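Please open the structure in a viewer and keep the selection tool at hand. The tour below proceeds by selections, each followed by a description of what is found there.

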Amino acid sequence: MTWLVTGGAGYIGAHVVRAFRNDGIDVVVIDDLSSGKAEFVPDGVPFVRANLLDGAAVREALEGVDGVVHLAGFKYAGVSVQRPLHTYTQNVTAMVSLLEAMADKEIRNLVFSSSAGVYGTPKDEVVTEDTAPDPQSPYGESKLIGEWLLRDQAAATELHHTSLRYFNVVGSGDPTVYDASPYNLFPIVCDLLTQGKVPQIYGTDHPTPDGTSVKDYVHVADLARAHVAAARALESGKTLEPVYNLGSGTGTSVREIMDAARRVTGIDFTPTEGPRRPGDPSRVVANGDLATRDLGWQNTFSVDEMFATAWEAWPKN
Ligand SMILES: NC(=O)c1ccc[n+]([C@@H]2O[C@H](COP(=O)([O-])OP(=O)(O)OC[C@H]3O[C@@H](n4cnc5c(N)ncnc54)[C@H](O)[C@@H]3O)[C@@H](O)[C@H]2O)c1
């Protein structure tokens, strides 16, 4: 059994590649290295360096493949507001290109990286799959359109699919692979502490117990394993739900993350405090029970363990 991982040179994709190989599934990677790193692709994994818009390259990568995990995408929600056309091209047009190539090659299984961004600023205390999507950025919209593309293509063809809506993916399951995003909290904190600088908390007047925003953090290694379970389920002909939330059900505040960073690194710092950033929700926590039922999903890391694995993998010089 061989699966294609689009975006397999990225932070999450590199973990998915490792999880598949650990489970005895062969992997091919396609990635244009727009944000990924070639060195994240393990030796021995066939690697096609191309954008998914290049249909010929996608068809080449799909040779002998049984299914696809589609992670390639432009993931910076804030930047997507300034670059909507780029976001739609990379996340929607590129996905159409992938689905066309899959249809040509009669490849019928697909697991899609969706996002908590489809919910926007949810009113529900705990988000479930029944919470109405209300994306508030071109990024969130592009992920929801991706889910619709799968729904519609499945209605017209033999496609079997599921979309995994990730919440805040953090940590590292391999000390050589790290989240290089300049916009995510964990890499920002690691980067500033490495430079001897003090991280900032944006917003201390949220209606939360300590005034800082509360999010649902999940560890990338746990997340990667859920993809293996989804791929195996699709391969065995099991019908999966169209969407699953990969959330832990537990909220952690930014201040609690800073406390974990202090404990883990041994660096004694007091974060500076600034105003809220526009559009930053006060609280987003998701229930992952459906994924636990069908995919054996479990978030097995404490906040300190999540930060420790991120810190260990962070390039420090
Ligand atoms: N990191 C998170 O917390 C998070 C949360 C929700 C959803 N997601 C989604 O998970 C996926 C992976 O995220 P990540 O954190 O690993 O990001 P990443 O930027 O590290 O990985 C994305 C990879 O896709 C590649 N890529 C992008 N567009 C491409 C295209 N059109 N053709 C070929 N390759 C392309 C990039 O080079 C990169 O290697 C993304 O789709 C993202 O939207 C991530």
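Which residue stands opposite L246 of β11? Select Y166: this is the residue that faces L246. The model under inspection is predicted.

Next, extend the selection to strand β6, residues 160-166, together with β11. The two strands run parallel and are joined by four bridges. Now restrict the view to β11, residues 243-246, and display its side chains. V243 and N245 point one way, whereas Y244 and L246 point the other way. Each of these four residues is buried.

For a wider view, select residues 3-247. An unreviewed UniProt entry annotates this range as "domain: NAD-dependent epimerase/dehydratase". Across the range, 38% of the chain is helix and 19% is strand. The C-alpha atoms at its two ends lie 25 Å apart.

Proceed to the second largest pocket by selecting H15, R18, A19, N22, D23, G173, D174, A221, A224, R225 and V228, which line it. The pocket holds about 190 Å³ of space. Helices α1 (11-22) and α7 (220-235) each contribute at least two residues to the lining. Coloured by character, the lining comprises four nonpolar, three polar and four charged residues.

Finally, select β12, β9 and β14, which form an open sheet of three strands in that order, with mixed pairing. Its edge strands are β12 (252-253) and β14 (283-284), each of which pairs on one side only. Strand β9, residues 214-215, runs parallel to β14 and is joined to it by two bridges. To locate one contact between these strands, select V214, whose bridge partner in β14 is R283.

How values were computed. Residues numbered from 1 in each chain as written. Predicted model: local features only at pLDDT ≥ 70, side-chain atom pairs only at ≥ 80, totals over all residues. Heavy atoms only, no water. Buried < 20%, exposed > 50% of the residue type's maximum accessible area, 1.4 Å probe, protein only. Pairing = 2+ DSSP bridges. 1 Å grid on protein atoms, 1.4 Å probe; cavity = no way out; pocket = protein on both sides within 12 Å on 5 of 7 lines; lining within 4 Å. Points joined across faces, edges and corners; volume = space filled by probe spheres on them. Nonpolar A, V, L, I, M, F, W, Y, C, P; charged D, E, K, R; others polar. UniProt positions renumbered as here; feature names shortened; annotations may be inferred.
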